[in-house]
Amino acid sequence: MTIKAYQPQRTDLLINTTWGIAQEQLAASEAQARGLRLIQGRWVSPEERQQLKDEAGAYRSLRALACLLLVIAFLSIFWTIGAVKSSGLPGLLVIIPGAASLAGGIGLLRYANWGRNVAAVLFGLMLIVSFIPAGSDDKGGPLLLVIGGLCLYYLFRKTTGRIFKGGR
C-alpha cells in the first residue's frame, strides 16, 4: 500500500498529513511495546493503520469510478458517430449521457462535490434502466443493476463522504 497525499490542502484527513512517527525517532522495542506497526518507514497505531487503509481505498475507488465514467463518455462519443451516420439527427441524443459522464468523471478526478452528484445521478439511472423494457434483457439488465449498485455504494461510503465533506 503506497501512501501519498491526494489532496494536500485537506489536513483533516490522515492520509494527507505527515502521519505516524518517523522510524528513526522511536526505537523498535519501544514502538512494539506501545503496539505500533511499521508502515513505509513510519510507526502507526492499529487505528491509524485502519484509517489510512480506508482513506487510500476511498481515493482508489473514486479514481476507478472516474475512469469508468470517462470510458462510458468516450464509448458514447463513438456510438454517437455511428448513430448519426445510420439514423441522422436523432442519433445525437446519445451525446447527452456521454457529456454527463465526461463531466462526472472529471469532477470525480478533481474530488469536486458536484462531480459526485453527477456520478450519483448517472449510476442511479443505471439502476432504473435495468428495470425498463429497453434495458432489461437477460445479460445487460442485471449487469447494469450490479454496476450501478456497487458504484453508488462506493460513492456514498462513510470515508468517501469525508473526502467530499470539506471539498471544493
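Which residues does Glu55 touch, not counting residues up to four places away in sequence? The points below answer this and then turn to other features of the structure, which is a predicted model.

1. **Contacts of Glu55.** Glu55 lies in helix 2, the helix formed by residues 46–87. Leaving aside residues up to four places away in sequence, Glu55 touches Leu13, Leu14, Ile15, Thr159, Arg162 and Ile163. One polar approach can be stated in detail: the side chain of Glu55 reaches the backbone nitrogen of Leu14 at 3.2 Å.

2. **Burial of Glu55.** Is Glu55 buried or exposed? The relative accessible area of Glu55 is 1%, and the residue therefore counts as buried, since the limit for that class is under 20%.

3. **The pairing of Glu55 with Arg162.** Side chains of opposite charge can pair when their charged atoms come close. Glu55 and Arg162 form a salt bridge, with their closest N and O atoms 2.6 Å apart. This pair links distant parts of the chain, as Glu55 belongs to helix 2 and Arg162 to helix 6 (residues 158–165), 107 residues apart. The two partners fall into separate exposure classes: Glu55 is buried at 1% relative accessibility, whereas Arg162, at 31%, is partly exposed.

4. **The other salt bridges.** How many salt bridges does the chain contain? The count comes to three. Besides the pair already described, Arg10 and Asp12 meet through their side chains at 2.8 Å, taken from N to O. Here Arg10 is buried, with 5% relative accessibility, while Asp12 is exposed, with 52%. Glu30 also forms a salt bridge with Arg34, and the closest N and O atoms of that pair are 3.8 Å apart. Glu30 counts as partly exposed, because its relative accessibility of 41% lies between the limits of 20% and 50%.

5. **Overall organisation.** The chain holds six helices and three strands. In sequence order, these elements follow the pattern β-α-β-β-α-α-α-α-α. Of the 168 residues, 38% count as buried. Among contacts with a separation of 6 or more, 57% are between residues 24 or more positions apart. The student may wish to set this figure beside the link between helix 2 and helix 6.

6. **Helix 3.** This helix covers residues 95–109, which is 15 residues. From its first C-alpha to its last, helix 3 reaches 21 Å, close to the 21 Å expected at 1.5 Å a residue. Its buried residues are Gly98, Ser101, Gly104, Gly105, Gly107 and Leu108. Just after helix 3 comes Tyr111, which takes a positive phi of about 55 degrees.

7. **The surface and its nonpolar patch.** The chain exposes about 9,800 Å², and carbon and sulfur atoms supply 65% of this area. Which residues make the nonpolar surface patch of about 940 Å²? They are Phe74, Ile77, Phe78, Ile81, Leu93, Ile95, Ile96, Leu102, Ile106 and Trp114. Helix 2 and helix 3 each supply at least two residues of the patch. One of the patch members, Ile95, is placed in helix 3. Ile95 counts as partly exposed, with 35% relative accessibility. This value makes Ile95 eligible for the patch, because patch residues need over 30% relative accessible area.

Technical notes:
Residues are numbered from 1 along each chain as its sequence is written. This is a predicted model: local features need pLDDT of at least 70, side-chain atom pairs count only at pLDDT 80 or more; totals for chains, interfaces and linings use all residues. Side-chain values use heavy atoms; hydrogens and water are left out. Helices (H or I, at least four residues) and strands (E, at least two) are DSSP runs, numbered from the N terminus. Buried means under 20% relative accessible area, exposed over 50%, partly exposed in between (1.4 Å probe, protein chains only). A polar contact is a pair of N or O atoms within 3.5 Å; within protein, one must be able to donate a hydrogen and the other to accept it, and residues adjacent in sequence count only if both atoms are side-chain atoms. Contact means heavy atoms within 4.5 Å. Accessible areas come from the Shrake-Rupley method with a 1.4 Å probe; for residues, only the protein chains shown count as cover. The expected span of a helix is 1.5 Å times one less than its number of residues. A salt bridge is a side-chain nitrogen of Lys or Arg within 4 Å of a carboxyl oxygen of Asp or Glu. Patches are made of residues with over 30% relative accessible area and no salt bridge: like charges are joined within 9 Å, nonpolar side chains (Val, Leu, Ile, Met, Phe, Trp, Tyr) within 5 Å.
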